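Q: Please show me what lies inside this structure, starting from one residue and its surroundings. I'd like a close look with the terms explained along the way.

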Amino acid sequence: MTNLPLAEDMQASTPPVGLALSRAGVRGVQKAIRIRRGDQEILMSAEIDCTVDLSREQKGVHMSRFPELFDEAIDEVVLGEGLLVEALADRIATQIVERQRALRAEVRIVARWPVRRRTPVTGLTTQEMVSLIGIAAATMRHTRRVVGVEATGINACPCAQGLVRDRAAERLGEAGFGDDVERILELVPIATHNQRGRGTLLVGTARELDADDLMGIVERSMSAPVFELLKRPDELFVVEHAHLRPRFVEDSVRIALAELVTMEPELDGDDFVLSRQVNLETIHDHDVVAERWGTVGQIRDELAGGSPPERQTSLEEWLAG
């Protein structure tokens with residue numbers, strides 16, 4: 001039997017155009033991973049993205065090696081001790097740099113995290129799904145990593161509520177309620193339109209943060225949390241709670257960042273934060289979004305009354321070190 005010659009390593013050959021690429025790799029790789037959260041270890045479904053830089057002399061990266069390295073890193077975790085999601089991203093990125101001989105690798109893991117809690121009035125047990133996010137960027141010299149969460153809530157629109165309040169005051173005045181108008185409006189929740197929102201909070205730090213704490217910050221930044229299961233008393237509580245705390249998409253971003261730096265005073269000034277809120281509009285045929293990113297020091301200074309930085313540090317810049 002004749003041995004077939006090994007196929008040429010096309011990925012290592014010279015490309016037709018000598019241009020370096022900022023990013024090349026794989027997206028949407030589905031894996032089951034075991035992640036540690038506090039004292040618990042939970043098996044989760046995760047989606048992994050991984051990219052490397054590509055020099056102008058190299059035609060391509062070995063795409064098939066990415067899933068192989070994912071499996072090796074995940075097997076170590078499944079058979080051994082569960083890791084934090086950001087630590088797993090760190091391990092994969094480091095191995096990619098070593099095995100692919102890349103100058104830099106970036107890994108993003110988004111895992112679906114089941115959270116059990118009770119409804120606000122009836123106390124029924126319900127399960128919600130939260131996205132747990134781990135990001136890492138590695139070079140031969142150093143690694144930086146980010147932990148974050150994405151959670152759902154609702155925002156009640158302050159603008160529409162103000163319009164409804166003004167019209168209600170006008171009608172009550174015309175009906176002869178006189179001095180009682182303001183007292184009535186304070187007692188009765190004012191109608192407005194609600195927007196289901198997705199809040200994201202990312203923190204780049206070497207410190208170990210509790211994802212439960214980050215999830216609480218995101219949910220509290222919105223008008224009210226949402227629940228998979230609601231009985232009528234619970235539904236009344238959520239709706240009234242939201243209408244008594246109306247918030248713009250911009251409010252949620254600012255409130256989340258302010259609470260984060262208050263709750264985590266030991267974060268370094270050079271650590272990174274990003275808050276994003278996306279609201280699914282109900283009376284417009286579009287969605288609305290607000291974001292703020294920067295170092296913890298930039299956020300702290302501005303919250304203390306300092307001038308906004310001329311340039312806010314982005315996630316890409318922070319990961320690049």
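**Around F70 and beyond**

A: Let's start with F70: apart from neighbours within four places in sequence, F70 touches V26, V29, K31, I48, C50 and I92, where contact means heavy atoms within 4.5 Å. Please keep in mind that this is a predicted model, in which local features need pLDDT of at least 70 and side-chain atom pairs count only at pLDDT 80 or more, while totals for chains, interfaces and linings use all residues. Residues are numbered from 1 along each chain as its sequence is written, and side-chain values use heavy atoms, with hydrogens and water left out.

F70 also belongs to a bigger picture. The largest nonpolar core has 62 residues, and F70 is among those with the most contacts inside it, together with I33, I109 and W113. Such a core is a set of buried Ala, Val, Leu, Ile, Met, Phe, Trp, Tyr and Cys residues joined through side-chain atoms within 4.5 Å; buried means under 20% relative accessible area, exposed over 50%, and partly exposed in between, using a 1.4 Å probe and protein chains only. Helix α2 (residues 85-100) gives the most to this core, with eight residues. Helices (H or I, at least four residues) and strands (E, at least two) are DSSP runs, numbered from the N terminus. A second, separate core of ten residues includes I135, L274, L315 and W318.

Now for two residues outside those lists. R117 sits in strand β3 (residues 105-118), and R117 counts as buried because its relative accessible area is 18%. Among its contacts beyond four places in sequence are L124, E128, E219 and V226. E128 is eleven residues away from R117 in sequence, and their C-alpha atoms are 7.8 Å apart. The R117 side chain also makes a polar contact with the side chain of E219, at 2.9 Å. A polar contact is a pair of N or O atoms within 3.5 Å; within protein, one must be able to donate a hydrogen and the other to accept it, and residues adjacent in sequence count only if both atoms are side-chain atoms.

T152, in strand β5 (residues 143-156), counts as buried because its relative accessibility is 16%. Leaving aside neighbours within four places in sequence, T152 is in contact with residues including R196, E219 and V226. So E219 and V226 are on the contact lists of both R117 and T152.
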